[in-house]
Amino acid sequence: MTVKVYIGLGSNLHNPEQQIVSALQSLREIKASRLINNSGLFRSPPMGPQDQPDYLNAAALIETELTAELLLDQLQNIENTQGRVRSRRWGERTLDLDILLYGDEVIHSERLTIPHAGLALREFVLHPLQRLNPALNVPGKGKIIDLVEACPASGIEYLGPIND
Ligand code: ROI
């Protein structure tokens, strides 16, 4: 049984574009999983303290046979391998990998909240998701197009496809 999983990627430290490209390469190598597509690259102003660099954001679609928890282990390995630095709350970071959606499941566990908690208020999550799948339905929250419409504008910008 495979599940379609949407993963959010974000970076604003240590050559963010390279961080995203490397992370996508690592997503390709996750066991029992297949990378299907990515959203292309977006630039977004920081949510949180404003005295930090702009972020690069993207989303990826994978198909996996892993449970959400096992997939989270794999994503945390990738974050750590890429020397994750995280200085302060809502501050700059080398690489963030979040499970945004896991099939149509709603999960509230110690380690995971899926759909991702801040999703509906974050253009840097919604726009990449919409580009990956304009017909997407977010479990418990509604159609991606309606979520994008309702989300406060932050000034996100699409930069183009990711060359890897
Ligand atoms: N802001 C933007 N624009 N993009 C992110 O990926 C991002 N990630 C975060 C916080 C610090 C909330 N701000 C962000 O974790």
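# A tour of the ligand site and its pocket

Begin by selecting the ligand: the space that this molecule takes up is the largest pocket. The model is a predicted one.

**The shell around the ligand**

Next, select S44, P45, P46, M47, Y55, N57, W90, G91, R93, D96 and F124, the residues around the ligand. By class, this shell comprises 6 nonpolar, 3 polar and 2 charged residues.

Three side chains of the shell merit individual display. Select S44 and locate the polar side-chain atom that lies 2.8 Å from a nitrogen atom of the ligand. Then move to R93, where a polar side-chain atom is 2.9 Å from an oxygen atom of the ligand. At D96, a polar side-chain atom lies 3.3 Å from an oxygen atom of the ligand. With these contacts on screen, add a surface: of the 360 Å² of accessible area that the ligand has on its own, the protein covers 95%.

**The pocket as a whole**

Now hide the ligand and consider the space itself. Rolling a probe the size of a water molecule over the atoms shows where empty space is left. The largest pocket holds about 770 Å³ of space. Its lining consists of 38 residues, and those closest to the centre of the pocket are R93, D96, D98, H116 and R122. R93 and D96 are thus to be kept selected from the previous stop, as both also belong to the residues around the ligand.

Colour the model by secondary structure at this point. Two or more lining residues come from each of β1 (3–11), β4 (55–64), α2 (68–81), β5 (96–102), β7 (113–114) and α3 (123–132). Which element gives the most to the lining? Select β5, which contributes 5 residues. Coloured by class instead, the lining of the largest pocket shows 18 nonpolar, 9 polar and 11 charged residues.

**Two backbone stops**

Most residues other than glycine have a negative phi, and most peptide bonds are trans. The last two selections depart from this pattern in their backbone angles.

Go first to the loop between β7 and α3, where P115 lies. The peptide bond leading from I114 to P115 is cis, with omega near -5 degrees.

Finally, select A32, in the loop between α1 (16–28) and β2 (33–38). Phi of A32 is near 55 degrees, a positive value in a residue other than glycine.

How values were computed: Residues numbered from 1 in each chain as written. Predicted model: local features only at pLDDT ≥ 70, side-chain atom pairs only at ≥ 80, totals over all residues. Heavy atoms only, no water. Near = heavy atom within 4 Å. Polar contact = N/O pair within 3.5 Å; in protein donor to acceptor, adjacent residues only side chain to side chain. Areas by Shrake-Rupley, 256 points an atom, 1.4 Å probe, with all protein chains shown as cover. 1 Å grid on protein atoms, 1.4 Å probe; cavity = no way out; pocket = protein on both sides within 12 Å on 5 of 7 lines; lining within 4 Å. Sits in = over half its atoms within 2 Å of the grid points. Nonpolar A, V, L, I, M, F, W, Y, C, P; charged D, E, K, R; others polar. Points joined across faces, edges and corners; volume = space filled by probe spheres on them. Helix = DSSP H or I, 4+ residues; strand = E, 2+ residues; numbered from the N terminus.
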